[in-house]
Amino acid sequence: MTLYIDPPTWPGHGRLWSHLVSDVSYEELHAFAARIGAPARAFDRDHYDVPAERYADAVGAGAVEVGSRELVRRLTAAGLRRRKGRGA
């Protein structure tokens, strides 16, 4: 069981955001997100959007810090990548 998070570098809504993903399953991802208090509305196709101020919480709970490219590589290798416009 491994969850990955990239640095909070993605701007939106006046904040910076990270992406949290699983390399095992969406069930694992949803369970981890619930444990760190991420709301269900933060789920976007294949990841959770995590605001910069919650980044340390995710890492402290066990998410592994990786770069954005590595995060996408792991998500794709696990067969869990869902691109925009290709279904939910």
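Two strands are taken to pair when DSSP finds at least two bridges between them. In this predicted model, strand E3 spans residues 15–22 and pairs with three partners described in turn below.

Strand E1, residues 3–5, runs antiparallel to E3, and the two are joined over 3 bridges. Within this pairing, leucine 3 has serine 22 of E3 as its bridge partner. Strand E2, made up of residues 10–12, is likewise antiparallel to E3, with 3 bridges between them. Here proline 11 is matched by leucine 16 in E3. E2 and E3 form a hairpin with 2 residues between the strands, and in this hairpin histidine 13 adopts a positive phi near 55°. Strand E5, covering residues 47–51, also pairs with E3 in the antiparallel sense, over 4 bridges. Across this pairing, leucine 20 is found opposite tyrosine 48 of E5.

E3 is mostly covered, since 6 of its 8 residues are classed as buried. Serine 18, a residue of this strand, is an example. The relative accessible area of serine 18 is 0%, and therefore the residue counts as buried, the limit being under 20%. A polar atom of the serine 18 side chain lies 2.8 Å from the backbone oxygen of aspartate 6. Aspartate 6 also appears among the residues in contact with serine 18 once neighbours within four places in sequence are set aside. The others in that set are Ile5, Pro7, Pro8, Tyr48, Asp49, Val50 and Tyr55. Of these, Ile5 belongs to E1, whose residues are 3–5, while Tyr48, Asp49 and Val50 fall in E5, residues 47–51. In general, side chains in a regular strand alternate between the two faces of the sheet.

Charged side chains were examined next. In general, side chains of opposite charge can pair when their charged atoms come close. Over the whole structure, the search returns 6 salt bridges. One of them joins aspartate 44 to arginine 45, with 3.1 Å between the closest N and O atoms. Aspartate 44 has a relative accessibility of 27% and so counts as partly exposed. Arginine 45, at 22%, is also classed as partly exposed.

A salt bridge is also found between aspartate 57 and arginine 54, where the closest N and O atoms are 2.6 Å apart. Both residues are partly exposed, aspartate 57 at 38% relative accessibility and arginine 54 at 28%.

Helix H3, residues 68–77, contains both glutamate 70 and arginine 73, which are 3 residues apart, or about one turn of the helix. These two side chains form a salt bridge, and their closest N and O atoms are separated by 2.8 Å. Glutamate 70 is partly exposed because its relative accessible area is 25%, a value that lies between the 20% and 50% cut-offs. Arginine 73 falls in the partly exposed class with a relative accessibility of 46%. The pair is part of a network of salt bridges that links Glu70, Arg73 and Arg74.

Key:
Residues numbered from 1 in each chain as written. Predicted model: local features only at pLDDT ≥ 70, side-chain atom pairs only at ≥ 80, totals over all residues. Heavy atoms only, no water. Buried < 20%, exposed > 50% of the residue type's maximum accessible area, 1.4 Å probe, protein only. Polar contact = N/O pair within 3.5 Å; in protein donor to acceptor, adjacent residues only side chain to side chain. Contact = heavy atoms within 4.5 Å. Salt bridge = Lys/Arg side-chain N within 4 Å of Asp/Glu carboxyl O.
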